Amino acid sequence: MKRELKLASLLLLFFLAAAAFVVVSGVESSIIFQGKTNIIKLPHRKLLAMVEPNRIFGEKCTKSDIVVNQGPTAPLPSGIPTYTVEISNVCATSCNIAAIHLKCGWFSSAKLINPKVFRRLGFDDCLVNDGKSLGVGESLSFQYANTFSYPMSVSSVACV
């Protein structure tokens, strides 16, 4: 019993000592134990950064330059959930993007949306900003109300 207790105590001390001497430096971590240093590669998270997408020669912009984010907001007084959608031009070069079309299913809203900002043209085809350009760094947003959110993604754009 005493031997098992000593072994358990030593293992606990080992883990505490190892945990106390972990030095994180970027991608690698150094664990220092009993004077020896072991380098261990750990998975890491990438920082979000503006990275220029691969462009085909002569291509000014792509649909990946438009980012669509949406999230829940306070419900209507009637209890219908609402969602805010933000559409942004994140182009790293000086590109204005027009004729932004989103895949939007059978989008509908219990709350009126200005059709110059966002409107459904047909199944899975919604037009942003009345087809007009969205400049570099510009964004627009709107709110809609429905019992569920509509997944939205960019289907096509035009570079101007």
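## Salt bridge

D130 counts as partly exposed, at 28% relative accessibility. The cut-offs explain the label, because buried means under 20% and exposed means over 50%. The model is predicted. A search of the whole structure finds one salt bridge. D130 forms it with R119, and the closest N and O atoms are 2.6 Å apart.

D130 sits in the loop between β8 (125-128) and β9, while R119 belongs to strand β7, so the pair ties together parts 11 residues apart in sequence. R119 is also partly exposed, with a relative accessibility of 29%.

## Three-stranded sheet

Three strands make an open sheet in the order β4-β5-β9. The pairing is antiparallel. Its edge strands are β4 (66-73) and β9 (139-145), and each of them pairs on one side only. On average, neighbouring strands of this sheet are turned by 20° against each other, direction ignored.

Strand β5 covers residues 82-89. Seven bridges join β5 to β9, in the antiparallel sense. Within this part of the structure, T84 stands opposite Q143 in β9. In general, strands of a sheet pair through backbone hydrogen bonds, either parallel or antiparallel.

## Aromatic cluster

The count of aromatic pairs comes to nine. One of them is F107 with Y150. Their ring centres are 5.2 Å apart and their planes meet at 55°, a tilted arrangement. This pair links distant parts of the chain, 43 residues apart. F107 is in the loop between β6 (97-103) and β7 (118-122). Y150 is in the loop between β9 and β10 (153-159).

Both rings of that pair belong to buried residues: F107 has a relative accessible area of 7%, and Y150 comes to 8%. Y150 also pairs with Y144, with centres 6.1 Å apart and planes at 55°, so this pair is tilted. Y144 is buried, as is Y150. One aromatic cluster takes in Y83, F107, F118, F142, Y144, F148 and Y150.

## Disulfides

Three disulfides are found in a search of the whole structure. Numbered in sequence order, the bonded cysteines of the chain pair as 1-6, 2-3, 4-5. C61 and C159 form a disulfide with their sulfur atoms 1.7 Å apart. The torsion about its S-S bond is about -115°, so the disulfide is left-handed. C61 lies in the loop between β3 (36-41) and β4, and C159 in strand β10, so the link ties together parts 98 residues apart in sequence. Its two ends have separate exposure labels: C61 is buried at 4% relative accessibility, whereas C159 is partly exposed at 34%.

A disulfide also joins C91 to C95, at 1.8 Å from S to S. C91 is buried at 4% relative accessibility. C95 is buried too, with a relative accessible area of 1%.

## The C104-C126 link

C104 and C126 are joined by a disulfide with an S to S distance of 2.0 Å. The link is right-handed, with 85° about the S-S bond. C104 lies in the loop between β6 and β7 and C126 in strand β8, so the pair ties together parts 22 residues apart in sequence. C104 is buried, with a relative accessible area of 1%. C126 is buried as well, at 0%.

Technical notes: Residues numbered from 1 in each chain as written. Predicted model: local features only at pLDDT ≥ 70, side-chain atom pairs only at ≥ 80, totals over all residues. Heavy atoms only, no water. Pairing = 2+ DSSP bridges. Helix = DSSP H or I, 4+ residues; strand = E, 2+ residues; numbered from the N terminus. Axes fitted to C-alpha atoms, helices over the stretch in contact; angles between N-to-C directions. Phe/Tyr/Trp six-rings, centres within 6.5 Å; stacked < 30°, edge-to-face > 60°. Buried < 20%, exposed > 50% of the residue type's maximum accessible area, 1.4 Å probe, protein only. Salt bridge = Lys/Arg side-chain N within 4 Å of Asp/Glu carboxyl O. Disulfide = S-S within 2.5 Å.
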